Structure formats: C-alpha cells, structure tokens
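Trainee: I should like to take a close look at one part of this structure, namely its salt bridges. Please describe them in turn, and then set them beside the other features of the chain.

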Amino acid sequence: MKKAPVSVVIPCYNSEKYLENTLKSVFNQTLPVSEIIAVDNNSTDKTVEIAKRLGAKVIVEKKQGSAAARNAGMKAAENEWIAFLDSDDIWNPHKIELQMKAAEVFAGASFITCEYQRIY
C-alpha cells in the first residue's frame, strides 16, 4: 500500500493513559504515514514501552516540554511532511488522505492545517 511522505511527531510525557488510542488513530489512517516518532520527555510510566510495542520510533529527549520534543522529532524526521500530534489526541481516519490531496492541489503550500473537534 502506498504511504504518505509524512513523519508523525508525538511529544510524550507520562502518556500511558492515552497513547495507545493516539497511535491507533495514526495506524487507522486511510492513507498510511511513513513514520511515527514518539519523543519522550523522561516519562516515569509505561509510555516508552507502549510506543515501542506499537511500532513507533522512540527518541528520549532530556529537555522537558513539548517544544523541545517537537524540535527533536523534526530533526529525526525522514519525510517531506511533518504532522504533529499530541499524545492525548486522536485523528479522524481520513486526516492524512485529505491533507495529502490538499498538498497536491496547492503544490506550493508550506503547511496544511485542518479543523478539530473536542471530545469530552
């Protein structure tokens, strides 16, 4: 199956409660991504184990905070496009497919965004 030239960067800190659902929402994309990078900020729970078990590349970032984690993930990314995803969020199954279609239509675009929905 064709994969999108997308690296997903997920900053993580003690994210074991939500991370599995977050990663499953990436795996359930109608257009799969090429790479998933979980950047851990020295979690004390099972965050790293979950990320590795589900097939994400794991980077341990000693600097704390989501900005440092995103920067480390971007440096490690191997693809043309980078998609940020927080460790407690989930994606609509068509997100990447729709964004890649937008990238084709707007070939000169530097970034592509989308709407969001809050789930309580």
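**Salt bridges and their surroundings**

Mentor: In this predicted model, the structure holds six salt bridges. Three of them can be followed residue by residue.

Consider E20 and R53, whose side chains meet in a salt bridge with an N to O distance of 3.4 Å. This pair links distant parts of the chain, with E20 in helix α1 and R53 in helix α2, 33 residues apart. The two partners fall into separate accessibility classes. E20 has 27% relative accessibility and therefore counts as partly exposed. R53, at 54% relative accessibility, counts as exposed, because the cut-off for that class is over 50%.

The next pair is E35 and K57, where the N to O distance in the salt bridge between the side chains is 2.8 Å. Strand β2 holds E35 and strand β3 (residues 57-60) holds K57, so this salt bridge ties together parts that are 22 residues apart in sequence. Here E35 is buried, because its relative accessible area is 8% and the class covers values under 20%. K57, by contrast, is partly exposed, with a relative accessible area of 32%.

A further salt bridge joins the side chains of D86 and R70, at 2.6 Å from N to O. D86 lies in the loop between β4 and α4, whereas R70 belongs to helix α3 (residues 66-76); the pair links distant parts of the chain, 16 residues apart. D86 counts as partly exposed at 31% relative accessibility, and R70 is also partly exposed, with a relative accessible area of 22%. Beyond single pairs, there is a network: E20, K24 and R53 are joined into one by salt bridges that share partners.

Several of the elements named above return in the largest pocket. About 1100 Å³ of space lies in this pocket. Of the 33 residues that line the pocket, I90, W91, K95, C114 and E115 are the closest to its centre. Two or more lining residues come from each of α1, β4 and α4 (95-105). Helix α1 is the element that holds E20, and α4 follows the loop that holds D86. The largest share of the lining, five residues, is given by α4. By character, the lining residues divide into 17 nonpolar, eight polar and eight charged.

Strand β4 (residues 81-84) also includes F84. Together with M74 and I82, F84 forms a nonpolar patch on the surface, with about 240 Å² of accessible area for the three residues together. F84 itself counts as partly exposed, because its relative accessibility is 38%.

Finally, two asparagines merit attention for their backbone. N14 is not a glycine, yet has a positive phi of about 45°. N14 lies in the loop between β1 (4-12) and α1 (19-27), and counts as partly exposed at 31% relative accessibility. N42 likewise has a positive phi, of about 60°, although N42 is not a glycine. The loop between β2 (33-40) and α2 (47-53) holds N42, which counts as partly exposed at 33% relative accessibility. The helices that bound these two loops, α1 and α2, are those that carry E20 and R53.

Methods
Residues numbered from 1 in each chain as written. Predicted model: local features only at pLDDT ≥ 70, side-chain atom pairs only at ≥ 80, totals over all residues. Heavy atoms only, no water. Patch = residues over 30% accessible without salt bridge, like charges linked within 9 Å, V, L, I, M, F, W, Y side chains within 5 Å. Areas by Shrake-Rupley, 256 points an atom, 1.4 Å probe, with all protein chains shown as cover. Salt bridge = Lys/Arg side-chain N within 4 Å of Asp/Glu carboxyl O. Helix = DSSP H or I, 4+ residues; strand = E, 2+ residues; numbered from the N terminus. Buried < 20%, exposed > 50% of the residue type's maximum accessible area, 1.4 Å probe, protein only. 1 Å grid on protein atoms, 1.4 Å probe; cavity = no way out; pocket = protein on both sides within 12 Å on 5 of 7 lines; lining within 4 Å. Points joined across faces, edges and corners; volume = space filled by probe spheres on them. Nonpolar A, V, L, I, M, F, W, Y, C, P; charged D, E, K, R; others polar.
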